[in-house]
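Hi,

Here is the structure I promised to pass on. Have a look, and my notes follow below.

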Amino acid sequence: MRQYVVDAFTTKMFSGNPAAVCVMDHWLSDKQMTDIAEENHLSETAFTVKKGNDYKLRWFTPNGEIDLCGHATLGAAFVILNYYEKNLKEIAFNTKSGRLLVEKKENMYEIDFPAFPLKPVTITSAMAEAMGAAPTEAYMGRDLLCIFDSENIVKTLSPNMEKVKKLDGLLLQVTAKGEKYDCISRSFAPKLGINEDPVCGSGHCHIIPYWAKKTGKKKFVAYQASKRSGVLYCHMATDKRIKIGGNVQLYSVAELFI
């Protein structure tokens, strides 16, 4: 079975968010796909099977399946449009989060994502203790989204991962207004076996709706301030849909003996 590893949301290798992509003729068992994701030890491994004109797409972390992943979707589109469907400029993935369209725009790939509805939640002492700083606002979607009033606070946070695991939400997303970029963020996912996700596409399905409502803007250049870092080009298409674009770099191609 062929497996590709790509760096997503970057123009430089060894930055952005690495994802593995397995293009298959048929599905493996859930245990096999989890074992492959654990062996890869990347935040996500994408598995895709063609059905009709579309592709089915699933994402696995080292701890099991997840319902939505941006960078591995970007990676899967890059692999299919460059190695399997070279005449296409657009591809549709059927996923647990619905039908996701990805369009190739020169060297960039843009995904049409659902935007998570956000509900304000009370800031608790547990949040401050887990992150080492108290946010100014907090919201719940799929993930916990915490807002800070300083870019520097976001960059220097050193969360206690055991305490983060006890917070509500699948992931912890933190964001602040940026100086060079429209906004900056970081993403923490210890519940999924990944302490910090280098660049989180699905996290920006929380982050960008917040900033769109806050600022009244529709288009954002977002920076993920992890050690690897990455840039996302985001557009609030409607109240319920968000387009997230980025670059992809191929790192490796391998044969898995499954």
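How much area does the protein chain expose, and what share of it do carbon and sulfur atoms supply? The exposed area is about 11,700 Å², with 49% supplied by carbon and sulfur (Shrake-Rupley method, 1.4 Å probe; for residues, only the protein chains shown count as cover).

Some ground rules: this is a predicted model, where local features need pLDDT of at least 70, side-chain atom pairs count only at pLDDT 80 or more, and totals for chains, interfaces and linings use all residues. Residues are numbered from 1 along each chain as its sequence is written, and side-chain values use heavy atoms, leaving out hydrogens and water.

On the fold, the protein chain has six helices and 17 strands (DSSP runs numbered from the N terminus: helices are H or I with at least four residues, strands E with at least two). Its radius of gyration, taken over C-alpha atoms, is 17 Å, close to the 18 Å from the globule rule for 258 residues, so the chain is as compact as a globular protein of that length (the rule is 2.2 Å times the number of residues to the power 0.38). The C-alpha trace spans about 50 × 35 × 30 Å along its principal axes.

Of the 258 residues, 56% count as buried (under 20% relative accessible area; exposed is over 50%, partly exposed in between, with a 1.4 Å probe and protein chains only).

Two spots to look at: Gly-98 sits in strand β7 (residues 98-105) and is partly exposed at 30%. Met-13, in the loop between β1 (2-8) and β2 (17-24), is partly exposed too, at 35%.

Cheers
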